Amino acid sequence: MDFSFTEEQELFRQNVRRLVEEKIKPRARQIDESDEFPRDLWQLLAGLGYLGLRHPQEYGGQEADVVTSMIFYEELARGSCGLAMAVAMQTLMGTYFVARFGSEEIKQRVLVPAIKGTKIGTICFTEQQSGSDLGGVRTRAERRDGGWVINGTKIWITFAPLCDFCTVLAQTDPDAGIRGLSFFLVEKGTPGFSVGRHIDKQGARGAPMGELVFEDVRVPEENLLGEGPGDGVRYTTDILNEVRVMTALLACSIASEAMEEAAAYALDRRAFGKPISAYQLIRAKFADHWAWHQAARLLAYQAAWMIATGRPCREECMLAKMFATEMCQQAVDEASRVLGGNSFSMDYPLQRHLRDARFLLFGGGCHEVLRNTLGSAYLKRRARRG
Ligand SMILES: Cc1cc2nc3c(=O)[nH]c(=O)nc-3n(C[C@H](O)[C@H](O)[C@H](O)COP(=O)(O)OP(=O)(O)OC[C@H]3O[C@@H](n4cnc5c(N)ncnc54)[C@H](O)[C@@H]3O)c2cc1C
């Protein structure tokens, strides 16, 4: 067995880390407080090729391996979780379907500028009455005059007011339930496509969030992203694996940033004549975190390696996402206890980590749903063994 990164991957990590320390960390507070999209940092990342890490070179991408892309997300989240979430949206769900199913013309019009950072893409699954349960999607796409007409409203859409294009999940065959869902490309400026209500979110700030409304939005046949209608959900599996591992590594970074802050505080803060780091109950928090964090990171990179080497790993990616995100909740909670009353002050970065950690619970699968699926998979395996 070999648990080490390649020399190239280590070098890549150092480069990203340097960039994050110099350019992103100093801006983290401002990005969080304003919830404004940092376009200059976006262009900086695009200029270095980071928005096209996984995309083909012929469209301006880097064709990096999955592990390298995960190193990137992990390092970026050390600087700003909001920016890391925005970048992950653009590079994973926001461009995946266009890159996989778009015609050459669509790729030139949408994917190439997305990799250059001049166009922003997002994904539209969620609706008022349907989040985890995609079977509840009511947005409708109907065939008309050789194309499709889309009607519906999506909520909780990252980049809603800024996106230049989006991939929309819509029902093309209501009688087929979840097997009647399909993805469509909709571009800014298409008549009937508009931005709805803004959502002011508590964490992962820096990419504005809101509703997108589709009223008789007409798109040509080539905007159906897939081999045919009805295969939408099947296509999400591959990219969801990457989304889950990415989320796990965001969780690892938020947790370690919080505990680093807590460690510096514990070494400095005195109570009853000693630094609080001298007390066993305070030390225990760091021992527990060390073990949990290491385990979470190993699960995440193992899952990344499984994706990279083409091994089936849907469950391993779910395990990594669930474990790392729960570890992160615990880490930010324990770190806040170390800081005592100061953890409640907006002056300390810790309050940002506390808020950021919460959003990880929902993207890539709520844990109640993941536990249900994983528990059932475990029991099925057990039953097969007899
Ligand atoms: C910061 C952020 C960014 C987001 N960006 C996007 C985006 O760009 N595009 C997009 O489409 N969506 C986006 N979302 C929405 C996100 O995908 C949903 O929040 C997620 O799918 C969960 O859906 P929900 O919030 O409606 O919760 P629900 O699915 O309604 O779940 C509510 C509760 O019920 C539980 N539950 C549901 N089903 C079961 C079950 N079978 N068994 C046990 N418990 C169950 C859940 O675990 C949860 O505890 C974003 C959300 C956040 C917070």
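**View 1. The shell around the ligand in this predicted model**. The ligand is surrounded by 21 residues. G131, S132, T158, C366 and E368 are the closest. Three elements each give two or more residues to this shell: β1 (121-124), β3 (147-158) and α12. By class, the shell has eleven nonpolar, seven polar and three charged residues. Where does the ligand lie relative to domain 2 (121-232) and domain 3 (233-385)? Both domains give residues to the shell, so the ligand lies between them.

**View 2. Helix α12, an element of the ligand shell**. This helix covers residues 367-385, which makes 19 residues. From first C-alpha to last, α12 reaches 27 Å. That is close to the 27 Å expected at 1.5 Å a residue. How many of the 19 residues of α12 are buried? The count is one, and the helix is hardly covered. Just after α12 comes G386, with a positive phi of about 80 degrees.

**View 3. Domain 1 meets domain 2**. The domain assignment divides the protein chain into domain 1 (7-116), domain 2 (121-232) and domain 3 (233-385). The centres of domain 1 and domain 2, taken over C-alpha atoms, are separated by 23 Å. In the contact between these two domains, 24 residues belong to domain 1 and 18 to domain 2. On the domain 1 side, the elements giving two or more residues are α2 (28-34), α5, α6 (93-101) and α7 (104-116). Which element gives the largest share of that side? The answer is α5, with seven residues. Sorted by class, the domain 1 side holds 15 nonpolar, seven polar and two charged residues.

**View 4. Helix α4 against helix α5**. Two packed helices are described by the angle between their axes and the distance between the axes. Here α4 (residues 66-79) and α5 (residues 81-91) have axes that come within 6 Å. The axes cross at roughly 145 degrees. On the α4 side, Y73, L76, A77 and G79 make the contact. On the α5 side, the residues are C81, L83, A84, V87 and A88. Eight residues of this contact are nonpolar, one is polar and none is charged.

**View 5. Helix α4 against helix α9**. Helix α9 covers residues 280-308. The axes of α4 and α9 are 8 Å apart, and the helices pack at an angle of about 145 degrees. From α4, the contact takes V66, V67 and M70. From α9, it takes Y301, A304, W305, I307 and A308. How do the residues of this contact divide by class? Eight are nonpolar, with no polar and no charged residues.

**View 6. M259 in helix α8**. Helix α8 covers residues 232-268, and M259 is found in it. Is M259 buried or exposed? The cut-off for a buried residue is 20 or more other C-beta atoms within 10 Å. M259 has 24, so it is buried. Leaving aside neighbours within four places in sequence, M259 is in contact with F286, H289, A331 and A335. C328 is 69 residues from M259 along the chain, yet their C-alpha atoms are separated by 9.9 Å.

**View 7. D216 in strand β7**. This strand covers residues 209-220. Why does D216 count as exposed? An exposed residue has 12 or fewer C-beta neighbours within 10 Å. D216 has 12, so it counts as exposed. Residues up to four places away in sequence are not counted in its contacts, and D216 touches V149, N151 and G192. I276 is 60 residues from D216 in sequence. In space, the two are 63 Å apart, C-alpha to C-alpha.

**View 8. Positive phi at F159 and F272**. F159 is found in the loop between β3 and β4 (165-171). Its phi is near 75 degrees, a positive value in a residue other than glycine. F159 is buried, with 22 other C-beta atoms within 10 Å. F272 is found in the loop between β8 (270-271) and β9 (274-275). Phi of F272 is near 50 degrees, again positive in a residue other than glycine. Is F272 buried or exposed? F272 has 7 other C-beta atoms within 10 Å, so it is exposed.

Key:
Residues numbered from 1 in each chain as written. Predicted model: local features only at pLDDT ≥ 70, side-chain atom pairs only at ≥ 80, totals over all residues. Helix = DSSP H or I, 4+ residues; strand = E, 2+ residues; numbered from the N terminus. Expected span 1.5 Å × (residues − 1). Near = placed C-beta within 6 Å. Nonpolar A, V, L, I, M, F, W, Y, C, P; charged D, E, K, R; others polar. Domains from an automatic or database assignment. Axes fitted to C-alpha atoms, helices over the stretch in contact; angles between N-to-C directions. Contact = placed C-beta atoms within 7 Å.
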